[in-house]
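Student: I should like to discuss this structure by question and answer. Please show the sequence and the coordinates first.

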Amino acid sequence: MRYKLNLITLALVSVSGSAMAADFSVNKANTSGVNADKFQCKRCPDTTGYRGSVELGAAYSDSDDIHSANALNSEDGTHGVLNADVRYRGKTGYRAKAQATNLGLTNSRAYLEAGKVGSYQAELDYRQLSQYQHDNVKSNLWYADGTLTRSAQVQTQELSLKRKQIGMDLSAGYQWGEQDYQVFARYSQEEKTGYQSASMVTPRPINFGKPVDATTDKLTSGLSISGQNWLTSLNYQYSEYDNQIDSLSLPYLADIYAPAPDNSAYQLSLSGQYLFNRTAISTQLATGRMIQDAAVIQTTGNPIQNWDGQVDTTDGKLAITSVLDNRLRLGGSVSYSKRDNKSSVWEFAQLESDGISGAFKQNVLLDTENLNYKVNVSYRINSDYRLQAGFDREELERSHSAREQTDESTVWTKLDIRSFASSKLKLKASFSQRDGSQYQASGLTSSIENPLLRKFYLADRDRSAFEAKFNHAPADWINVSLIGRYAEDDYSDTALDLTSSKDYSYNLNADMQFDKRLSGYAFAGQQWIESQQNGSQSISASDWSAQVDDEFIKLGAGMNYTGLMQDKLNLGLDYLFANSSSDKQVVYVSTEPQSDYYSYSHSAELYANYKVSEQLGVRLGYQFERYYDTDNAQVDVNAIDGLTTLGKLNHNYNAHQVMLSFSYQLR
Amino acid sequence: MMQLRIYCLLCAIAALMLTSFSIQAVPWDQLPAEQLTKKLETKFSEGKYSKKGADTCLMCHKKNNTVMALFDGVHGQVTHPDSPMTGLQCEACHGPLGKHNKGGKEPMIAFGKDSKLDATSKNSTCLGCHNDPQQMAWYSSSHNLDEVACVDCHQIHTAKDPILDPQNINDTCIGCHPQKKADMNKRSSHPLKWDHMTCIDCHNPHGSMGESALNQITINDTCYSCHAEKRGPFLWEHAPVTENCASCHNPHGSVNESLLSSRAPQLCQQCHMDDGHAGRAAPLDGQDAFGGGKSCLNCHSQIHGSNHPAGSKLQR
């Protein structure tokens, strides 16, 4: 929520660019007349030793809904907080760093680093991420040792996920002749625990809190060699996912649900870059494999113990950018990506027949192959005008699909105008067209698929998009930016399914620096997404349609004042309002009234920083969060015949947090 | 009369001198960007560096706190073998001194918000040293093509570059990408608005060899780096899931739950209209199992893939 004066937008509007680009890289410098031995730095200050700051505090949060912990970063009650950034720099190049951010709160990180600059370095890091959904979920299914046991009474559960990550990193560098060698290795482990919403068929659907208890180990390592105009890099990454929950059973129904299986993946990549004159060539080749051979649940009609799931991936890219002269630049790239599923195929008994293979069905191996070309040109007309244009094409092939090839071509253009010293205008337009091979129901599902259906990600589509960005600094103390966008998708050959979509928005932002002490900002933005789709209740033409109108609005403002009590006191305020809504209207026989589906939040933060002395500071902060969401699909546990839900999972709360902290500046 | 004429002449000479001095004091302020760049290029190629390096610069600039803050950061370290301070010192980035410290006050290469140099020229200084794998895709990156300067995001004359603090990353990115600021405040999003996650958890602002400047080569590989449970491969796969997670999800945020581009059952019905089962009209939410609770996912909860031998319909 801290949207400060934006230096980037200020910089963008404050300069009037040159029509020519120079190369001031140090390796191009004419040092023939330099006698480096006489270079001195007697006036340079000694910055060795310790410096940084340590902040210790406490946060008190008051809320009756655990969902507020997402915004307040702490659950209800009092919690200690540690923030630190301490650095050590030795006289002979040794250095160390210790950082902590919000340690003690639900989302936090810590980082330790030590080494000798330019030679070697060791790092250790810790990170905790928490996500809270609801603490008042109603269910009579409880998980213990692979079984969901049923209690007589509906009880309350919490849906939340916690990730705890630790990592260690070793890196070293060595200059050998003209070449610079760098090598690194990193290992990290993440533990993810908690409960999340899921559902099973028993055969009636029952929503339940699915336990999560998994570990992901990652290893990445690499070697890079670079010279003055080139570099090459060899990298390897490995990831292993280990789910401690192998299957879920009900007391009267064994192995009814298969949680995510253990899996692993590796990727080996070789990259390189070469620069000559004003042309840069970059390339990368990568090969990888995803393996999943976890034990498969044993049921009648399952012919295997473990499945040998294996997907091989191949990726490559070549990109060239060349500055032909001071006005003209050309660029282009070709990339290739292949997903080759080499798993085995078996026939498995299904509990539901599909009308084609009866009660038995073979698993289907899905392959994709993607080829992408891009070319672009940039021409600087003069110091105030620059024109860019490009053409992108994507050719995607997939197996076992209603449409096995889709091709999408896009043309785009951008115009940058700096016509006035204090303003800048950027215009962008693009048009893309997607078509491909003949759309046909695949052999596996042809008898039940409506022939008029065109799946939205496979269908012919024309997409037009426009964007205008305007930055203006009417005075030294204010910078205003306005961005408007409009995009329209037209599924030209679709009778059933998504037929059209519009997405348009604006964002208005103002940053102000009233004087040396007082700064402020304000912003407003709205977005509308309107989509139209048709449906059919039988294998025939459309007999119903749905219009979905999404709308989002955000409003915010804030200020910061630094001039109170002989410049010892700094006061700040941030406020943000956000409202998301989605209105749907289905027309079938009659038009039904719309259901509520919206959320809004008011977020406010007040803070005061007081400088007791050069070293000691006090901070007092107050944060307020008002949150409300509603969804008519959320109903009481047994409100719908045949369906057991987790109850109404909506939120409606006011939450408060007060934080007091003391900081000590080491130097 | 003669005295008056002499007095007027002296006044005129003084005025002329003052005017000349004021022009000569900062002559590059009036130079158009192109001429300034040419002047700096000439100066750079002539290579008239100072005799004593940083000490020469600090004779005048030592009282400037911003200048001196350089020595608190990595670029001011004299113990770092690759630091500018162990090479051409201040002139490694700001170019040769030339006659900058003499009456003419020649311009130096400058990077601040008042600099008239274009982004490519400024960036050439940084890229001269930062030729490493992290910057490998810079030249073909959208930030380079849109002429974003390194100093638009980074600060050098400081103990700690603010953008290197995870708490500052998102604020910097959304300054130029306000639509992402909107997305991260929608009903569902990754926890970016509270800085629990940062944009660089997924993207490399210096460009990447993958799509959309992602840290991994493909969109799905990027998602799998945190959601390894969805990587599979699964015995029973859901085709659009294996192809592109963004087919159904907007990773930056959505007005719908779970970052979905549309709600169930409408989202599912944008692909499934097969047998009168998926094609049913659902006018009102919460009336039946099709429009209540988790909608289609009440039964087909394994939407990202199932490893149950009887899970072909992604139900178990």
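Student: Which residues of α6(B) are buried?

Tutor: The model is predicted: local features need pLDDT of at least 70, side-chain atom pairs count only at pLDDT 80 or more, and totals for chains, interfaces and linings use all residues. Residues are numbered from 1 along each chain as its sequence is written, with chains lettered from A and ligands numbered from 1 in the order in which they are written. A residue is buried if 20 or more other C-beta atoms, placed from the backbone, lie within 10 Å of its own. In α6(B), 9 of the 9 residues meet this criterion, namely A119(B), T120(B), S121(B), K122(B), N123(B), S124(B), T125(B), C126(B) and L127(B).

Student: What covers the buried residues of α6(B)?

Tutor: Helices here are DSSP runs of H or I with at least four residues, and strands are runs of E with at least two, numbered from the N terminus. The cover of the buried residues of α6(B) includes α2, α5 (90-94) and α8 of chain B.

Student: Which element gives the most to the side of chain B that touches chain A?

Tutor: Two residues are in contact if their C-beta atoms, placed from the backbone, lie within 7 Å. On this basis, 131 residues of chain B are in contact with 162 residues of chain A. Elements giving two or more residues to that side of chain B include α2 (33-46), α6 (119-127) and α9 (166-176) of chain B. The most comes from one helix, with 8 residues: α2(B).

Student: How many bridges pair β23(A) with β24(A)?

Tutor: Two strands pair if DSSP finds at least two bridges between them. β23(A) (residues 478-490) is antiparallel to β22(A) (residues 461-475) over 12 bridges, and a hairpin through 2 residues joins these strands. β23(A) and β24(A) also form a hairpin, with 6 residues between them. The pairing of β23(A) with β24(A) (residues 497-513) is antiparallel, and its number of bridges is 13.

Student: Which residue is the bridge partner of R485(A) in β24(A)?

Tutor: On the β22(A) side, S464(A) has E488(A) in β23(A) as its bridge partner. For R485(A), the partner in β24(A) is S505(A).

Student: What distance separates the centres of domain 1 and domain 2 of chain B?

Tutor: Domain bounds come from an automatic or database domain assignment, which gives domain 1 (38-96) and domain 2 (133-213) in chain B. The contact between them takes 7 residues from domain 1 of chain B and 5 residues from domain 2 of chain B. Taken over C-alpha atoms, the separation of the centres is 28 Å.

Conventions: A residue is buried if 20 or more other C-beta atoms lie within 10 Å of its own, exposed if 12 or fewer, and partly exposed in between; C-beta atoms are placed from the backbone.
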